[in-house]
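Visitor: Please take me through this entry, and justify each term as you use it.

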Amino acid sequence: MQVQIFGVKKDPDTRKALRFFSERRVKTHFVDLKEKPATKGELRRFVEKFGVDGVVDRESRRFQELGLASAHRSADWWLDTLPEEPLLLKTPLVRFENRVSIGVDEAAWKEWMGR
């Protein structure tokens, strides 16, 4: 079993996800969004399951800095923008095979492991 975790090293929820899988000796492939943004195709998986509102962190400092609070954008616009502005994402984004989760979702992760 190997999971892919998209996040930022300094984010406490990303660290919780990394620790959760590490403690269970599950291989992880960590993608630091500040160093290597997620691709549009990868983000599409999360948007298809959770919608744009589930993926975009409207409470983030970066969201406020960009003045997006009153903006109404299409899903395609967000898919084009999010790889360039990874700090707009809720993190961590976790993927195992065709399953995805956003944030700290230990119940889903345990289900993935069959526990």
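Visitor: What makes β1 and β3 a pair?

Guide: Strands pair if DSSP finds at least two bridges between them. β1 and β3 run antiparallel and are joined by 3 bridges, so they meet that definition. In this pairing Ile5 stands opposite Val94 of β3. As for the basis, this is a predicted model, where local features need pLDDT of at least 70, side-chain atom pairs count only at pLDDT 80 or more, and totals for chains, interfaces and linings use all residues. Residues are numbered from 1 along each chain as its sequence is written, and side-chain values use heavy atoms, with hydrogens and water left out.

Visitor: Where do names such as β3 come from?

Guide: They are DSSP runs, numbered from the N terminus: helices are H or I with at least four residues, strands are E with at least two.

Visitor: How do you know that β3 and β4 pair?

Guide: They share 4 bridges, in the antiparallel sense. Leu93 faces Ile102 of β4. The hairpin has 2 residues between its strands. One loop residue there is Glu97, with a positive phi near 55° although Glu97 is not glycine. Most residues other than glycine have a negative phi.

Visitor: Which way do the residues of β3 point?

Guide: Leu93 and Arg95 point one way, Val94 and Phe96 the other. All four are buried.

Visitor: Why is Glu42 called buried?

Guide: Its relative accessible area is 12%. Buried means under 20%, exposed over 50%, and partly exposed in between, with a 1.4 Å probe and protein chains only. Glu42 therefore counts as buried. Glu42 belongs to helix α2. Contact means heavy atoms within 4.5 Å. Leaving aside neighbours within four places in sequence, Glu42 is in contact with Gln4, Phe6 and Arg95.

Visitor: And Glu48, buried or exposed?

Guide: Exposed, at 63% relative accessibility. Glu48 is also in helix α2. Glu48 and Ala75 are 27 residues apart in sequence, with 9.7 Å from C-alpha to C-alpha.

Visitor: How do you know that α2 falls short of a straight helix?

Guide: The expected span is 1.5 Å times one less than the number of residues. α2 covers residues 40–55, 16 in all, and a straight helix would reach 22 Å. The end C-alpha atoms are only 13 Å apart.

Visitor: Where does α2 bend?

Guide: At Lys49, by about 95°. The bend is the angle between axes fitted to the seven residues ending at a position and the seven starting there. The buried residues of α2 include Leu43, Phe46 and Val52. Those buried residues pack against β1 (2–7), α4 (75–81), β3 (93–96) and β4 (99–102).

Visitor: What about the span of α1?

Guide: α1 agrees with the expected value. Its 12 residues, 12–23, should span 16 Å, and the end C-alpha atoms are 16 Å apart. Thr14, Ala17, Phe20 and Phe21 are its buried residues. They cover an arc of only 120° around the axis, so they lie on the same side of α1. That arc is taken from the directions from the helix axis to the C-beta atoms. Ser22 and Glu23, on the other side, are exposed. The buried residues pack against β1, β2 (27–32), β3 and α5 (106–112).

Visitor: Why is Arg25 called exposed?

Guide: Its relative accessible area is 81%, so Arg25 counts as exposed. Arg25 lies in the loop between α1 and β2. Its phi is positive too, near 55°.

Visitor: What makes a set of residues a nonpolar core?

Guide: Its members are buried Ala, Val, Leu, Ile, Met, Phe, Trp, Tyr and Cys residues joined through side-chain atoms within 4.5 Å. The largest one here has 22 residues, and Trp78 and Leu82 have the most contacts inside it. α2, α4 and β4 each supply at least two residues of this core. The largest share, 5 residues, comes from α2. Apart from this core lies another, of 12 residues, among them Val26, Trp109, Trp112 and Met113.

Visitor: Which peptide bond is cis?

Guide: The one from Thr91 to Pro92, with omega near 0°. Pro92 sits in the loop between α4 and β3.
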